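Please look through the sequence and the model shown here before reading on. The paragraphs that follow take up one part of the structure after another.

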Amino acid sequence: MKLIFELTTLSDFHIGSGYGKGDLDSVLLKDRFGAPVLRGSTLKGLLRQAISDLMSLDLLEDYRFCQKSNGNNDAQPYCTDKLCPTCRILGNPGVSKRWRISSANVKNKESVAQEKVTRNRVSLRTRTAEARQLFSEENCGKGAKFTFQVTTEANGKETLEEATFITAAFRMLKNFGASRRRGKGACQIHLHDLKTELDLPIQEQQTVEDYLLALFKERWLEGEELSNFSKIEDEVTPVTTSPNNFFRIVVLTEEPLLIANRQEAGYRYKSHLYIPGSTLFGALAWKAASRRDLKDEKTYEKFIKLFKRGALKVTPLYPAYFPKSQEKSESIAKTIYPTIPSPLDLLSCKLYPETEKGSHGFEHCAIKKEEPKKCEVCLSKEKKKETPLKPLNEYLVIRSLSSKNLKKAEVAIKEEMHISIDLDTGKTKPGELFSYRSIDSNQYFLGLLEVDDFQVFNEFINLENGEEGFFFNLTIGKGISRGYGKVRVWLQNVDSPADVFLGKPIQERVNVKEPITMTLLTGAILLDKWSRFQTNLDKKMLEEILGPEVEVEVFNSFVKTKNIDGFNGYLGLPKWRDVVLVSGSSIGFKVKDPSEEFLTTLQKLEEEGIGLRKAEGFGRIAFNHPIYNRNAGVKTRIRLPNSMRIPRRISQQESFDKRWEDSLSTLNQNDFSDNSWIAIARWIQENVQTAIPELINTLDELNFNEGNIKDLIKARKVSRTKELFLEKNTKGREALIVVLQKLSDILKDYENLKQPLQVKALKLLADKLADFVLSEGEQ
Ligand SMILES: [Zn+2]
Ligand SMILES: [Zn+2]
């Protein structure tokens, strides 16, 4: 069930991002493109407040089972058996939260910006680069409309009961934000829409909000059982079967992602710069389990097969590279390209690395017996400088480019400071401040998903079937109940796994008689035959991987390891510690007398992966990755379907400017060559505030000579004489009237900015007329 709320600010408001000049709250929280945002954690605090306010009403006295629901001090700290509304909706130490709140995005950015520009001279239309700058005054004006969603995967009578409670609580709330007590932050929250799989008898003249408030009264105030609805069977639309099991998975982050490292140091939550396979896998399992009833034996069996017996496999999702579209385009990106973590044997000059301007190139070292230690280019120059080589440690873009050098993809990080809040009591812990470091919203991540039975997968995830593939929403990582982790997912069938991270079939990469480099695209967990963790890639290990009867000569290997905790909280598996050969590790080798089928063996290894925990994406490998050849001839361009594009928020000002420019360009210079048009231009200049119909009228009735035009400018009135300037210039006059009429029409679409836009538009028109005359004189 999904409740869509709209929050309108009735006074100035301010929600800080945590940064500022000595004052923790002095900067308005904005997204990467400069629009104000209310974080889910703020809204969650708001809901907590709203529920607490509602529970303090005498009418709801009977439901105060515990201290959380305003029960007296003798009451239990939180409900354990029968749950009060507060515990049901917000969860407690014994009950997990069922509802999640999204972040709120502003709907009418421009009308808020307008207020701000005039008052503070700080533009809210700032783009990416300025988004994190510190502004001295960052109050957002009243009249801002935000929308946000309160959602749960559940659907049923209890969910409906809770929905009525949330709606009533929000409806009662009057203020929000840090300055609640100082009279700022007055707001109104209305239920805007409701999405549910319940069949609700909502009357035609009734709003959804009215309906839910009526149910609230029935259920919570009068103690009636809700009965007047039926549950639509949760139908799953069958999907068209796919030719094979491999899918490219593209994720668009709609909210920041918080993916904590296992090693959380101090109060700082670090975040991975990619989405680990285990995190994605866990998110899918969570969605599946909350959508379907696992008490049903058949469903349970399917679930276990999918998530525990390897019918579903994912890889980590690496950041996708997107070239920014042209400024005028309606979306930020139209195409994306995959990336991989840079191979450890791809060594580059420390001063002039491969991915920077003036690069000194790179060395492909796994196939070299003697590893070069110094940059050749630096050595060969006159100065004979000795510069060490080092691995790039970047995400390298797989894209065939005419320009020579490899590109890197960057991940935008967001840091937010928080006062430490006890999430159970809602109280702040004195003096504790910590920062969240999260992957910012509006970025793409990309990987591979493999599923044995797509129909079963669909039953659990309920895919939307589109022309370009399959789509669904997912929440990933930590903090998902407070505005983090919402992503949009796109699955697209691919011919082979090589299409995703390689862009070239193995036949075009590998000649089995030549040296071969095996690179780990993801971390790998390898055991030797005594089940000990492998910490290196060597001849013995490689021969074990490649199969019996294969003998290799190893040139060089570049390997790093790290320890990770294996865990899967949801599936209740025990924790253990694995040693992982990290992604990018590589080994160069040559096969002695390769058989006919050897290439097929390599292809299979690429498709299936090696080692343990393949379902979570460990052990993905590539032979002769095209990156070593600067991606020559790869096909990796991915065209984003419309629903996966990030809309560029064109401001009203920009869209108006464009439309008015188009209209002005219809004026023809030849119609305005007469010198007297200068006078008309001045008349317009002086009448930029005059209503347009009045201007048109004046032009319509205009019968005057040159002298009287000058009078007109002073008197602003029409006079009549024999010499009729505008009769000689009918074409110009008509064109002018048409363009003014057009302006009047366009302005209707910008009701709240009408006056300033008209002034600007008429000034431009006057300039244009003057330009026509003057440039005519020059010729
Ligand atoms: Zn309770
Ligand atoms: Zn160099």
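Donors are N, O and S atoms within 2.8 Å of the metal (3.2 Å for Na, K and Ca), and since water is not among the atoms, sites may look incomplete. Along the chain, the donors of the zinc ion (ligand 2) follow the spacing C-x10-H-x14-C-x2-C. They are Cys349 (SG), His360 (ND1), Cys375 (SG) and Cys378 (SG), which lie 2.0 to 2.3 Å from the ion. The four donor atoms subtend angles of 102 to 115 degrees, which makes the arrangement tetrahedral, a term that for four donors requires all angles to lie between 85 and 135 degrees. His360 is buried, with a relative accessible area of 15%, and Cys378 is buried at 3%, where buried means under 20% relative accessible area (1.4 Å probe, protein chains only).

The model is predicted: local features need pLDDT of at least 70 and side-chain atom pairs pLDDT 80 or more, whereas totals for chains, interfaces and linings use all residues. Residues are numbered from 1 along each chain as its sequence is written, chains are lettered from A and ligands numbered from 1 in the order in which they are written, and side-chain values use heavy atoms, leaving out hydrogens and water.

Helix H9 (residues 454-461) belongs to the helices (H or I, at least four residues) that, like strands (E, at least two), are DSSP runs numbered from the N terminus. Six of the eight residues of H9 are buried, so this helix is largely enclosed by the rest of the structure; among them are Phe454, Phe457 and Ile461. Just after H9, Asn462 takes a positive phi of about 55 degrees.

Definitions and conventions: Buried < 20%, exposed > 50% of the residue type's maximum accessible area, 1.4 Å probe, protein only. Tetrahedral: all angles 85-135°; square planar, octahedral: opposite > 155°, others 65-115°.
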